[in-house]
Amino acid sequence: MPQASGCAVVVAALLVGAAGGQAATLTISCGSNAADAEFCGRYAQEWGRQHGHEVRIYSAPASATDNLALLRQQFAARSTSLDVVTIDVVWPGVLKDHLVDLKRYSGGAEAQHFPAIVANNTIAGRLLGMPWYTDAGLLFYRKDLLQKYGLELPRTWPELAAAARRIQDGERAAGSADFQGYVFQGRAYEGLTCNALEWISSYGGGSVVDPHGRVTIHNAQAARALDEAASWIGTITPRGVLNYGEEEARGVWQNGQAAFMRNWPYAWAMSQAGDSVIRGKVGVAPLPAGDGAGARSAATLGGWQLAVSRYSRHVPEAAALVMYLTSAEIQKRRAIGGAYNPTLPALYRDPELLAANPFMGELAEVFENAVARPATPTGLKYPAVSRAFWDATHEVLSGRMDGAAAVRRLEGRLLQTRRAKW
C-alpha cells in the first residue's frame with residue numbers, strides 16, 4: 001500500500017506550532033463518502049488551527065471491505081503513515097492488537113456515549129475506539145410520488161415491490177425511461193451483508209450466526225428472503241445494482257431517478273442539499289417488514305469509531321484530535337450539517353438538532369433496536385463470515401442460485417470456517 005503522504009490532501013496551510021507546544025503532522029483516515037470527507041476534514045482542520053498542528057486527510061477506499069484490507073496491511077507492516085483511523089462497528093475485534101487504549105486520554109468521556117457502543121469498542125478492558133456516529137439502515141422514499149399515485153407507505157417488502165412497480169411504470173410511461181422503483185447496495189461487499197441481514201432478519205430468518213456462535217442461516221425464512229430480493233432484479237431494480245455501493249445508489253436516487261432507496265442516514269442531508277433535485281420531496285421510514293410469521297422491520301446496526309494507531313509517532317496529539325472530534329459540540333454540528341446520528345443520548349433531545357433532522361427523533365427506536373452483524377461471536381473470523389454471506393447473497397441476486405441452495409451451501413462454508421471454534 002502506498003504511504004499515506006502520497007495519497008493525502010493537506011487540510012490547511014502549514015500551521016505554526018502552538019505556543020509552548022511542539023507542532024506535529026498528523027494524518028487522519030476519514031470516511032469515503034463526500035459528506036463524511038467534508039465534515040471530517042473541516043473539523044480536523046479546525047482542531048489543527050487551534051492547536052498548531054498540520055492535519056492531513058487520507059482518502060480511504062469507498063468499499064469498507066477494501067478499507068479494512070488496506071488497514072490490516074498497514075498495521076501488519078507497522079506503518080507510521082496513519083495516526084487516526086476511522087473503524088467500522090464490526091472491526092474492533094479484528095484490529096484489537098493495533099489500536100491504542102484511549103482510556104488514558106479520554107478523561108471518562110466515554111461514559112457520555114451510548115453504553116452498548118462503548119461496550120462494543122472495549123475489548124479486554126481496553127477502549128479501542130471512541131464513538132464517532134451511529135447508523136442503521138433506513139428506507140428513503142419520494143413523498144410526492146406516493147401522493148401522485150395514491151399510494152400508502154409500504155410496510156412489507158412485497159408491498160414495497162408493488163408500490164415501486166406502480167411508480168416505475170407510471171414514470172417511464174410519462175417519459176422517464178431510466179426511472180427505477182428501488183435501489184440499494186448490491187455489490188459483493190460489506191454493504192450487501194448489511195442489506196441481506198435486514199432482509200433475512202425481517203423474515204424471521206435469524207442473524208446468520210447466533211450470539212452463542214451457532215450457524216443458523218440454513219432455514220426456510222432466510223431462503224425466502226433472498227428469493228424475494230432476487231425477484232426485484234430486472235423488475236423494480238436495475239441489474240446494475242449488482243455493482244452499487246452506497247454512493248452509486250444515492251446518485252440514482254438524488255438525480256430523481258428512483259422511488260425508493262435503502263441507505264444510511266447520511267443520505268438525508270445530501271438529499272436535502274440546495275442543489276438536490278429532490279429537495280423537499282423526501283421521506284424517511286423504517287425498512288419494511290417481511291411477510292408471514294415472525295416478520296418484523298429490521299435495520300442493520302452500523303456506525304463508525306475513531307481510533308489511534310499503535311504505530312503513530314504522535315499518540316497523545318492523535319488521541320486529543322479523537323476526543324475533539326467525538327465531543328458533543330462536534331457531534332451536534334455534524335448531525336445538523338451532515339445528518340450523522342450522534343452517539344451521545346443527550347443530543348437526541350437537542351431542539352436544534354431535531355429541527356434539522358426530524359427523523360432522528362421519530363426513528364429513535366430504529367437505532368436503539370438495530371440488528372447487529374455477527375462480529376462478536378465470530379471474532380477474528382468475522383471478515384471471512386461476512387464474505388461468505390455476501391458472496392452467497394450475490395449468487396442469488398445474480399440468478400445463479402436459488403435461496404434454498406444458497407443457504408444450504410453457506411451453512412457448510414461457515415461450519416468449515418468455524419471448525420472447532422470461532
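Guide: Strands here are DSSP runs of E with at least two residues, numbered from the N terminus. Keep in mind that this is a predicted model. With that in hand, Ala-124 can be placed: it sits in the loop between strand 5 (122-123) and strand 6 (126-127).

Visitor: What makes the phi of Ala-124 worth a look?

Guide: Its sign. Most residues other than glycine have a negative phi. Ala-124 is not a glycine, yet its phi is near 55°, a positive value.

Visitor: How do you know that Ala-124 is exposed?

Guide: Exposed means over 50% relative accessible area. Ala-124 has 78%, so it counts as exposed.

Visitor: And Val-208, is it buried or exposed?

Guide: Buried means under 20%, and Val-208 has 1% relative accessibility, so it goes down as buried. Val-208 also has a positive phi, about 75°, without being a glycine. You'll find Val-208 in the loop between helix 9 (190-202) and helix 10 (220-230).

Visitor: Let's turn to helix packing. Why is helix 2 called oblique to helix 13?

Guide: Helix 2 (residues 34-51) and helix 13 (residues 315-325) pack at an angle of about 125°, and their axes are 10 Å apart. Angles of 65 to 115 degrees count as roughly perpendicular and those over 145 as roughly antiparallel. About 125° falls in neither range, so helix 2 is oblique to helix 13. The crossing of these two helices is right-handed.

Visitor: Which residues make that contact?

Guide: Helix 2 brings Tyr-43, Ala-44, Glu-46, Trp-47 and Gln-50, while helix 13 brings Glu-317, Ala-320, Leu-321, Tyr-324 and Leu-325. Sorted by class, the contact has seven nonpolar, one polar and two charged residues.

Visitor: What makes helix 13 "mostly covered"?

Guide: A count of buried residues: eight of its eleven fall in that class. They are Val-315, Ala-318, Ala-319, Leu-321, Val-322, Met-323, Tyr-324 and Leu-325.

Visitor: Why is helix 9 described as roughly perpendicular to helix 19?

Guide: The axes of helix 9 and helix 19 (residues 382-397) cross at roughly 70° and come within 9 Å. The roughly perpendicular range is 65 to 115 degrees, and roughly 70° lies inside it, so the label fits helix 9 and helix 19.

Visitor: Which residues meet there?

Guide: From helix 9, Glu-190, Leu-192, Thr-193, Ala-196, Leu-197, Trp-199 and Ile-200; from helix 19, Tyr-382, Ser-386, Phe-389, Trp-390, Thr-393, His-394 and Leu-397. By class, that contact divides into nine nonpolar, four polar and one charged.

Visitor: On to charges. How many salt bridges does the structure hold?

Guide: There are 18.

Visitor: How do you know that Arg-42 and Glu-38 form one of them?

Guide: The cut-off is a side-chain nitrogen of Lys or Arg within 4 Å of a carboxyl oxygen of Asp or Glu. The closest N and O atoms of Arg-42 and Glu-38 are 2.6 Å apart, so the pair qualifies. Arg-42 and Glu-38 are four residues apart in helix 2, which means about one helical turn separates them. Arg-42 has a relative accessible area of 37%, so it is partly exposed, and Glu-38, at 42%, is partly exposed too.

Visitor: What about Arg-56 and Glu-54: what makes that pair a salt bridge?

Guide: Their closest N and O atoms are 3.0 Å apart, and the limit is 4 Å. Arg-56 is partly exposed at 25%, whereas Glu-54, at 10%, is buried.

Visitor: Why does Asp-291 with Arg-224 count as a link between distant parts of the chain?

Guide: The salt bridge itself has its closest N and O atoms 3.4 Å apart. Asp-291 lies in the loop between strand 11 (282-285) and strand 12 (301-308) and Arg-224 in helix 10, 67 residues apart. Asp-291 is partly exposed at 35%, as is Arg-224 at 41%.

Visitor: Which residues are linked in a network of salt bridges?

Guide: Glu-46, Glu-329 and Arg-333. Glu-46 is also one of the helix 2 residues in the contact with helix 13.

Visitor: Last one: how do you know that Asp-88 is buried?

Guide: Asp-88 has a relative accessible area of 3%, against a cut-off of under 20%, so buried is the right word. Asp-88 belongs to strand 4 (residues 84-88). Leaving aside residues up to four places away in sequence, Asp-88 touches Gly-303, Trp-304, Gln-305 and Arg-373.

Note on methods: Residues are numbered from 1 along each chain as its sequence is written. This is a predicted model: local features need pLDDT of at least 70, side-chain atom pairs count only at pLDDT 80 or more; totals for chains, interfaces and linings use all residues. Side-chain values use heavy atoms; hydrogens and water are left out. Axes are lines fitted to C-alpha atoms, for helices over the stretch in contact, and angles run from 0 to 180 degrees between N-to-C directions. Angles under 35 degrees count as roughly parallel, over 145 as roughly antiparallel, 65 to 115 as roughly perpendicular and the rest as oblique. A crossing is left-handed if the near helix is turned anticlockwise from the far one by less than a right angle, and right-handed if clockwise. Contact means heavy atoms within 4.5 Å. Ala, Val, Leu, Ile, Met, Phe, Trp, Tyr, Cys and Pro count as nonpolar, Asp, Glu, Lys and Arg as charged, and the others, Gly among them, as polar. Buried means under 20% relative accessible area, exposed over 50%, partly exposed in between (1.4 Å probe, protein chains only).
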